[in-house]
Amino acid sequence: MRNPQIRTRRVVEASSILHSLFTKDENHTSRVHRVAFRDSDGAIGRRDFATHWIHRYPAKMFHRIPEAILDALPSDSPLTILDPFCGSGTVLLEGMLRGHNTIGIDINPMARLISRVKTTSIPPDTFRRHINGILKRARKKIRVPQAHETLDFWFRPEARKVLEAILASIAKVKDPTCREFYLVTLSSVIRRSSLADPTVSPPVKLSRTRAKYANKKYRVHLNRALRLNGHGVYELFAEAVRRNTERLAELHSLKPTGKARILSGLAEASTTGLKTGSVDLVITSPPYCGAQKYARSLRLEMLLMGLSVEEIAAIDRKTLGNERVGKRQTEVIAATRLESTNRLIERIKRRNPIRAYMLSDYINYLDRFVAELRRVMKRGGNAFVTFGTNRLAGLRVDCAQHFISLARIHGLKHIATLVDTIPSRGLITIRHETAGTINDERIVWLRR
Ligand SMILES: C[S@@+](CC[C@H](N)C(=O)[O-])C[C@H]1O[C@@H](n2cnc3c(N)ncnc32)[C@H](O)[C@@H]1O
């Protein structure tokens with residue numbers, strides 16, 4: 001269903017290809033199309049729209065991708081849309097704004113929390129009435145923080161004690177929807193209240209030594225972090241509450257008729273627990289192999305909000321594409337069902353066994369994931385899955401192509417691949433030559 005206020009943010013080229021392919025004779029399909037989700041002048045429209053920016057979750061999907069797909073759908077009737085790697089809920093929000101019922105799954109509890117809040121459409125006054133109480137209680141709860149090796153490294157004591165006091169005060173909010181709104185908002189200022197460089201996704205501590213050689217912006221960040229006192233943290237939080245309340249008010253004013261349901265942590269992309277044949281449309285972006293650091297990027301937020309180092313490590317291990325591979329694990333690298341993939345894994349293994357293990361683990365997970373997609377999708381349903389083409393141990397890995405081969409084995413039809421160039425991605429760091437970098441994004445379109 002089209003929302004007139006959303007239609008004004010036009011997606012030019014990609015949408016016209018999507019339109020024509022949705023209606024085209026099936027024989028003309030299975031092609032690669034270069035598309036632009038940006039306007040011809042590079043513009044991307046308003047990104048801070050509705051609740052999209054309530055949190056800067058790492059590696060969010062570009063909102064134009066679900067917009068273009070949803071606006072090109074041949075029918076306006078409400079669909080059941082699944083995003084099994086939903087992250088901060090970009091697809092869910094765009095889907096519910098157009099009247100669809102959306103379902104989100106993510107292995108990371110922070111992602112699920114952000115997605116729930118992002119898709120909550122309730123009158124903003126419901127939130128506003130708690131803020132004074134939260135700040136008042138927090139001021140009374142100020143305590144000297146207990147020694148904590150990791151937190152003491154990342155936060156100045158003045159900042160940490162205020163963050164912890166606000167957190168304790170939020171815990172007293174009885175209404176769970178409001179409580180979650182404030183938790184997400186607090187988490188959105190944790191990075192800026194720490195001693196970590198705000199411009200790098202996985203936390204890196206700002207250093208005086210580096211500041212001597214770094215650019216002016218770096219020195220501004222360092223000075224701001226070193227000067228931040230308790231009062232500054234209150235101000236950051238109060239301002240974030242104000243902005244996020246405005247965002248929720250905008251979402252509410254759009255009167256979304258669709259809904260979003262975020263499944264519990266028991267669900268994951270390859271075991272969704274959803275009914276067979278219950279999903280019309282899947283739009284999703286799995287993590288890239290070896291180039292993703294979700295748990296690490298949200299480490300400070302999760303630590304401050306009470307998760308232990310061990311719990312965060314466990315989330316990281318469960319995250320697809322993670323880099324936590326021990327040397328001993330590389331002694332047994334499982335084969336995949338794809339001969340060409342196995343040959344590539346062998347070549348990577350000769351250069352770097354850890355990267356070879358990661359790729360085999362990744363492809364075997366995709367195999368289980370695509371089986372689950374086939375199971376939950378309705379006959380005739382569509383799936384759009386985004387991948388990056390990256391390099392592992394210096395060798396090119398076209399994950400989209402491996403995924404298409406697996407999808408065909410599982411009986412799904414490949415309709416097309418849409419390729420868009422990525423100007424930059426914040427989460428991906430080029431640490432050494434065996435790590436991955438992404439140049440373009442490939443959206444694989446499948447049909448059941
Ligand atoms: C590229 S991000 C998705 C970003 C999202 N589209 C957004 O706009 O915020 C990939 C997500 O997959 C999640 N993830 C990783 N492994 C998973 C798994 N096995 N099952 C479900 N989610 C997983 C990560 O926690 C991360 O949030």
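**Exercise 1. The loop before E4**

Task: Find the loop that holds lysine 255, then decide whether this residue is buried or exposed.

Solution:
- Start with the location. Lysine 255 is in the loop between helix H13 (230-253) and strand E4 (259-262).
- This is a predicted model, so local features are read only where pLDDT is at least 70.
- Now take the backbone. Phi of lysine 255 is near 50°, a positive value, and the residue is not a glycine.
- Set that against the general rule. Most residues other than glycine have a negative phi.
- Finish with the accessibility. The relative accessible area of lysine 255 is 66%. Exposed means over 50%, so lysine 255 is exposed.

**Exercise 2. A second positive phi**

Task: Place alanine 393 and state whether it is buried or exposed.

Solution:
- Alanine 393 is found in the loop between E6 and E7.
- Its phi is positive, about 50°, although alanine 393 is not a glycine.
- The hairpin of E6 and E7 has two residues between the strands, and alanine 393 carries the positive phi there.
- The relative accessibility of alanine 393 is 8%. Buried means under 20%, so alanine 393 counts as buried.

**Exercise 3. The partners of E6**

Task: Which strands pair with E6, in which sense, and over how many bridges?

Solution:
- Take E7 first. Strand E6 (residues 377-392) and strand E7 (residues 395-398) run antiparallel, joined by four bridges.
- Check two pairs. Leucine 392 stands opposite leucine 395 in E7. Threonine 389 has aspartate 398 of E7 as its bridge partner.
- Go on to E5. Strand E5 (residues 279-284) runs parallel to E6, and five bridges join them.
- One pair here is valine 279 with methionine 377, which lies in E6.
- Then E9. Strand E9 (residues 440-447) pairs with E6 in the antiparallel sense over seven bridges.
- One pair here is asparagine 382 with arginine 447 of E9.
- Add the burial. In E6, 12 of the 16 residues are buried, so the strand is largely enclosed by the rest of the structure.
- Keep a general point in mind when viewing side chains. In a regular strand they alternate between the two faces of the sheet.

**Exercise 4. Around the ligand**

Task: Which residues come nearest to the ligand, and which polar atoms lie opposite its oxygen and nitrogen atoms?

Solution:
- List the neighbours. There are 21 residues around the ligand, and Tyr57, Met61, Ser88, Thr90 and Asp106 come nearest.
- Look at the ligand oxygens. An oxygen atom of the ligand is 2.7 Å from a polar backbone atom of methionine 61. At serine 88, the side chain supplies the N or O atom, and the distance from a ligand oxygen is 2.7 Å.
- Look at nitrogen. A nitrogen atom of the ligand lies 2.9 Å from a polar backbone atom of leucine 320.
- Assess the cover. Alone, the ligand exposes 600 Å², and the protein buries 99% of that.
- Name the site. The ligand sits in the second largest pocket.

**Exercise 5. How covered is H3?**

Task: How many residues of helix H3 (residues 64-72) are buried, and which are they?

Solution:
- Count first. Nine of the nine residues of H3 are buried, and the helix is mostly covered.
- Name them. They are Arg64, Ile65, Pro66, Glu67, Ala68, Ile69, Leu70, Asp71 and Ala72.
- Note the charged names on the list, including Arg64, Glu67 and Asp71.

**Exercise 6. Sequence distance and space**

Task: For three residue pairs, set the separation along the chain beside the C-alpha distance.

Solution:
- Pair one is arginine 219 and leucine 206. They are 13 residues apart along the chain, and their C-alpha atoms are separated by 8.9 Å. Arginine 219 lies in helix H12 (residues 216-227). Its relative accessible area is 36%, so arginine 219 is partly exposed.
- Pair two is phenylalanine 155 and alanine 214. They are 59 residues apart along the chain, with 22 Å between C-alpha atoms. Phenylalanine 155 is in the loop between helix H8 (149-154) and helix H9 (157-170). At 2% relative accessibility, phenylalanine 155 counts as buried.
- Pair three is glutamate 323 and isoleucine 354. They are 31 residues apart in sequence and 8.4 Å apart in space, C-alpha to C-alpha. Glutamate 323 is in the loop between helix H16 (309-318) and helix H17 (339-351).
- Add a contact. The side chains of glutamate 323 and arginine 355 make a polar contact (3.3 Å).

Methods
Residues numbered from 1 in each chain as written. Predicted model: local features only at pLDDT ≥ 70, side-chain atom pairs only at ≥ 80, totals over all residues. Heavy atoms only, no water. Buried < 20%, exposed > 50% of the residue type's maximum accessible area, 1.4 Å probe, protein only. Pairing = 2+ DSSP bridges. Near = heavy atom within 4 Å. Polar contact = N/O pair within 3.5 Å; in protein donor to acceptor, adjacent residues only side chain to side chain. Areas by Shrake-Rupley, 256 points an atom, 1.4 Å probe, with all protein chains shown as cover. 1 Å grid on protein atoms, 1.4 Å probe; cavity = no way out; pocket = protein on both sides within 12 Å on 5 of 7 lines; lining within 4 Å. Sits in = over half its atoms within 2 Å of the grid points.
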